[in-house]
Each structure stands twice: as C-alpha cells, then as structure tokens.
Amino acid sequence: MHPQIADALARLPDYLGGHIAVSLTALALGLAVSLPLALLSVHRPRLRGTLLGFASVVQTIPGLALLALFYPLLLGIAALTERAFGTGFSALGFLPSVLALALYSMLPVLRNTITGLDGVDPDVRQAALGVGMTPRQSLFMVELPLALPVIMAGIRTAAVWVIGTATLSTPIGQTSLGNYIFTGLQTQNWVFVLFGCAAAAVLALAVDQLLSLMESGLGARNARRVTAGTLGLVLIAAAALAPGLSKASATYVIGTKTFTEQYILASLIEARLRDSGLTARRREGLGSSVIFDALRAGEIDVYVDYSGTIWANQLGRTDIMPRADIIAEIAKTLRARDGIVVLGGLGFENAYALAMAARRAQTLGIRSIADLGKHAPQLSIAGDYEFFARPEWDAIRKAYGLNFREQRQMQPEFMYGAVASGQVDVISAYTSDGRIALHNLTVLDDPRRVIPPYDAILLISPKRANDAALIAALRPLIDAIDVDMMRQASARAVMGDGNSSASPDQAAIWLWGEIQKKR
Amino acid sequence: MSERHPAAISFQDVSKSYGGGRKALDRVSLDVAEREFLAVVGPSGSGKTTLLRLINRLAEADSGAVRVEGEDVRAADPVVLRRRIGYVFQGIGLFPHMTVAQNIAITPKLLGWGETRIAARVDELIELVRLERAAHRDRLPAQLSGGERQRVGVARAIAAGPKIVLMDEPFGALDPLTRDALSEDYRRLHDKLGLTTVMITHDTLEAVLLADRIAVIREGRMIAQGTPRQMLSAEQDEYVRKLMATPQRQAGRLQALLDERGGA
C-alpha cells in the first residue's frame, strides 16, 4: 500500500472518532434547542421573526470565523467560572466546536419546522379542533405528523452542513477529519487532503441516508425501518466512542500552528518526551491567534512560537533590538505577566522576508527591499493571510516607500509556485522554508533592519513552569538547529529524500540525527 | 306540523362580527328541537357557517346566547363540548395521514375508550355508513372516492354517539348520484339514531327533500323559517319566494323538456 495511504488509514480511527463525536453532539444539541423553539414560535409571529432572523445572521458568518469566535468567548467564561467557583473548563476543542456547529444547524431545522407546520391545510387543522382535540393534541396527532417530511428534510440538511463544517474545527483544537485537510494542505500531501474530503463526504451521506430511512419509516409507520435507521446512527455514535476509550491518556499536550515546520518540530518534541519516558500527544493545526491563549490557559503544555510574533502581538512593541535581547525581554515579560516559561531559542529564525524569482530579480537589478521601491508600482505582491495585517508590513512599506500595483492573499503553499512561475512578482516568504531553495528564489535584504527577528522559541505553559522532567527532556533542542537544517527538514517533509517517504515525522527523525551529528 | 320536542339548540339574539365591522350574524334567534333535522339555506357569505361554528364554539358570539341542551355554551369547556357534538366538514376534513379506521376512531380515542370497544365501534360504523370493512378499513383517505370519503366523514362525526350532528355543506362536492344516495342514507341514520341535525346547504331542493324544517339566512339575518311545506306555500319575502321557487321552476323546465321530446 502507498505509505501516505497507510499513514492516513492509521489516523482514521482517531480523526473519524473526533469528527463523529463533535458533529453528532452538535446536531443533537441543535435539534434539542431548535425543535422546541420552532414549536413555541408557530403561533407567535414576533418570536418567530426574531428566531429566523437570528438563525439567518448566524448562517451568513463563515464557518471558520464562527468556530474561531467561540474560542475567546469560552475562554472568558472559563476564566469567570474559575474565579467564581474555583473550577474552569476547557475552552479549546470540543466545547467551542459543538456550540458553534449547533448554532450552524439551527436555520434549516427552524425554517423547515415552521414552514412544514404552516403548510398544514387549515381545513385539516379546523377538523382537528372540530373532533375535540386540544391545540396540543392537534399539534402532536395531526400537524407534526403531516409536517414530518418537511421537518426531516431540514434535519437532513442540518446534518450534512454540520458534518461538512466540522472539518473546520481543527484550528480551534478539535480533532476531526479536518486534520487530514489542514495537515495535507500544509505539507502538500494531497492524499491526505482527498482522504479527509472523501471521509467527510461518506460520513455525511451515510447519516443522510439513515435519516432518510427513519423518515420513510415514520411516514409509512414501518417500525423496522425506523429501528434500522436509529440503530445505524447509534452504531456510528458508538464507533466514535470506541477509539476514545482505548486511547491512552497522555500527560503532555504539544500544540502546533498550521504549517509544515510546526508539524516537524512537534514531532521532534514528542519524540524527545517519549525518549525521556513521558507520554505526549499533539494538538495539530491550531490557529495562531488561538495557540498562545491555549498555552496560557494550560490547554496545551508546550509549543514553538517566533520572537517577532510575540514581540508585536503580545508585547505590542514595534522597535527593533538585537535577536538575543528580544528573546530575553520576551522571557522576562511573559514570565512576570502570564507565568509562561520561555525555555530558549531553537537556534534558527523563521522570519518574514520578501522574496522574488532569482532570474526576475536579476533582470530588474533588485537585490534588497530598497531597490524594490522604484519598481513596485509595476509589480504585484502576494502574502499569506496574516502578512498584510501585521505591523511589520506597515513598517516595511513606510521605511522603503513601497506601493505595489496589486496585493493578493494566498495559501502559503501556492505562493512559492506562483512567484516562481511569474504569476506574482514578490511574495512574503519565510526564511526557514525549504521551498526558497527548491524554487530558486532570491531573498531580498533588509538594509534598514525594519523586519524584527523571528527566532523560533520554545514556550512552556504556566502549570508546567516547574516541571523538571519536561524541561530536561526539551533542553537538548535549545540552540541545536540552524536555519539550513530547518530548511532541509522542511523540504524533506514535502519532497522526501528518495529513500523514505515525505512526512513531517520522517523529517523530524532526520533532523534529530543531524542535531546529534553536530554535537 | 311535526311533533315538537324541547329545544336541543337555541340561539337568542346572537350577533357576531369579524374584523372590519362586517356583521356575519345580526341578532339571530333560532330553536332546533330534539330529533329535528334543520336545513340552513342562504347565499354564500350569508353567515351560515358562522352559525354552525357558534354551536360547538369553533367561533364565539359577540352578544346573545347560544345554548346546547339548555346549557349556555360559554359555560362549557369547548373541547368537551366538541367531543359530544358530531361535525361533518365541508370538503374533505379527514386526516390524510390516518387510515379510515383511525379517522373514525379519533373522538372515541380522545374520550379514552378502550381499544376493543373502539375496534368494535369502528366496524359497526363502517357498516352503518355502507362501506366495506375488508375493502376500506385500512385505506388512507387519498385512496377513496369522494363519496366514500364523505361516508367516512359521517362515520367519524357519529362515532362517539353524539346526539347532535352539525354538517357544513357535506355533500356539496359530490356528483349528483352519489349525493342523492348519501343524503338519503344520512336521513335514515338521523331517524334511526334519534339525532338532532343542523345541515348547511345551498341546494334548496336538497333542503326541501331532507329537512323537517328550513331556515333562510341572508346577510347575517334570519329572514324566514318553517317546514318545507310552509316555506313553499306561505307569503314570504321576495328573496325567500324566489329561492323556494327554484326547485319548482327547475321541475317545470324539466317537465317542459320532457313534453317537447315526447311531442317530437
């Protein structure tokens, strides 16, 4: 079997289990809230207008944004309950995902239930009262059974939406089939991407068909079909719980952001902890706005961030100091403010840099960002989703008077190919990225030192601040990796080296070998 | 004149208006005797259906009193009241997701009868309204003809053994043959079960042939009431005279047609 497929299959129980757990819980919660609300609002036009308006607005929020919004919200609530009752709860992963997806499921259920009940022939409703039913009996004996096909259609729509959207719960820390998609996109593992999409589609179809079976059974008063449909759903739910039960609970949780280098470093950290006899698991693909809060709250224990990011986002600084001074300043501030320990730098920088195709840069005679100024009005630039909103972009633009013809946002994987093939002229590259060499790009100098240093630094959560075993296990990684090693490792994770297959885990094994050679 | 019993239903100065101030009923007074078959005729929008709906409180009067078996309906629980009054609806009115048997059983079920008693009663009623147990019992309304459906409607109305049955243009949508058979069958049931029936119709001939007494409503007012014979003969207001003359005029035209053909 192809090694990437074997790898994908090995992860299936965990990812599928997480996916089913989060989507079925969200669907059940959504139904438990929406159905009674819809029934209540049938004869209350104002309530019904409000509800449908609310659900429609929720629907217009992009899924990823809705999921991301729940994280800070729950973090705030968790902090409040911590203060009030002495116990908080996990604001990462399952809970925010369930709440956001449940909200997402409301519109089709509300709208179809209300429409279905409205569609009942008024003569039939009159007849129900006429034969002596109470309004409640009329609702349950006549109106609901008649509206059932429309209501079930709404439930089925909701189920398909929730299962599809649940792939987006990966960045807020919920394991789902989205892990395949996010990891696959970052490491250019298209087998993973397709596998994740196909698995989500199959699950959505299966649930839809089971609901359809229940519906036809209810309509035809066929108890066997209803039982078969229910049994199918119960089996799916049970399948979700099974891997959860068998999974050994790990002591340490390693967080990763959503790019290749992070997957490699997390794999490296996990291996070091295992070598020291500690158990660890990874929470992969966390959004970069989520991951720092998650560490501070103790949802994850350790991850790698970059000094320039913390400098700007956490300390709110825009001034530039030498690399070592910035790390020292960050360590002091985070320790005092949040109790977070900065164990040290890993030895390389992953800075933002502007890069061009080598030949194009040569033709135009551009070697540094300063040279770019007079050409910029004829050139286009592409950046990742964060870049143009970051303070350093502002600083670069002001310092060098850059004014590009066109400015585009792109998924990092596609950026390098786009600049190499001439679709854009300049990109915001990452200095440790293996693809700089791969695509023969020139990194432009920054003669005015506007871009802050981006040393990879190891952060440890406040609750592990005095954990000697953890710190001892991680020490060997400090100042151990130079930028060339990291670039090669990144390239290996994407391309392989001819002998082993391409994966972040393989790259991490290679990297550890290099670290030991260097000693 | 037929023998009169005490009033099963009585209206006393009853008025009812809907939004917009239009009066559906304007100070209507009317007595329906026990075991009487009353037909209410009048043009569309005259207030006939409102009159019927006031009896089992599907509508409420603005002023005046409606009494059923001597009791003011305002004092009665509407749900309990409706369960002891049969109602045959205009158009279909059957529950489309329930079988014939389930439709017929609905009021007994609401009254909490035991299952065996309900089953026996359903079988009895299916025969009473001349349907076939084997062929019809477990069918859905959509699988029946119009006439069969309205027979089920009648069976459902009388299932819990009410003394009063209200019928809102029950046979209006049926073809003439079915309509004739069904109305005669119903009249037989009315007599056999000792019912009090109020039937709305816009067919004067049907009213004359079926009813013990006829009431004419126009623009919310009760403009005439009496036995068919009285209505056909007595000095009446212009509209009533025209209305009651219709069957005779039709019969006259039919006779003329037959004579013409015979002569040719």
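This is a short tour of a predicted model, with chains A and B, moving from domains to helices and then to the place where the chains touch.

**Stop 1: the domains of chain A**

Start by selecting chain A and colouring residues 3-246 as domain 1, 252-351 together with 453-518 as domain 2, and 352-443 as domain 3. Notice that domain 2 is written as two stretches of sequence. Now look at domain 1 and domain 2 of chain A: their C-alpha centres lie 36 Å apart. Where they touch, domain 1 of chain A puts in 19 residues and domain 2 of chain A puts in 19 residues.

Which helix of chain A gives the most to the domain 1 side of this contact? Select helix 1 (3-41), helix 3 (63-85) and helix 7 (178-187), the elements that each give two or more residues to that side. Helix 7 of chain A gives the most, with 5 residues. If you colour the domain 1 side by class, you will find 9 nonpolar, 9 polar and 1 charged residues.

**Stop 2: a pair of helices in chain A**

Next, show helix 6 (residues 135-165) and helix 8 (residues 190-219) of chain A; their axes come within 9 Å and cross at roughly 165°. Angles over 145 degrees count as roughly antiparallel, so helix 6 of chain A is roughly antiparallel to helix 8 of chain A. The crossing of these two helices is right-handed.

Turn on the side chains here. Among the residues that helix 6 of chain A brings to the meeting are Leu148(A), Met152(A), Ile155(A) and Ile163(A), while those from helix 8 of chain A include Leu203(A), Val207(A), Leu211(A) and Leu218(A). Counting the residues of this helix contact by class gives 13 nonpolar, 3 polar and 3 charged.

**Stop 3: the domains of chain B**

Move to chain B and select domain 1 (1-84 + 163-236), then domain 2 (92-161). The C-alpha centres of these two domains of chain B lie 24 Å apart. Their contact takes 12 residues from domain 1 of chain B and 14 residues from domain 2 of chain B. On the domain 1 side, select helix 8 (residues 176-193) of chain B, which gives the most, with 6 residues. By class, that side has 9 nonpolar, 1 polar and 2 charged residues.

**Stop 4: where the chains touch**

Finally, show both chains together. How many residues does each chain bring to the contact? Chain B brings 17 residues and chain A brings 14 residues. On chain B, pick out helix 2 (78-83) and helix 4 (106-110), each of which supplies at least two residues of the side that touches chain A. That side of chain B has 9 nonpolar, 5 polar and 3 charged residues.

Terms used. Residues numbered from 1 in each chain as written. Chains lettered and ligands numbered in written order. Predicted model: local features only at pLDDT ≥ 70, side-chain atom pairs only at ≥ 80, totals over all residues. Contact = placed C-beta atoms within 7 Å. Helix = DSSP H or I, 4+ residues; strand = E, 2+ residues; numbered from the N terminus. Nonpolar A, V, L, I, M, F, W, Y, C, P; charged D, E, K, R; others polar. Domains from an automatic or database assignment. Axes fitted to C-alpha atoms, helices over the stretch in contact; angles between N-to-C directions. Parallel < 35°, antiparallel > 145°, perpendicular 65-115°, else oblique. Left-handed = near helix turned anticlockwise from the far one by under 90°.
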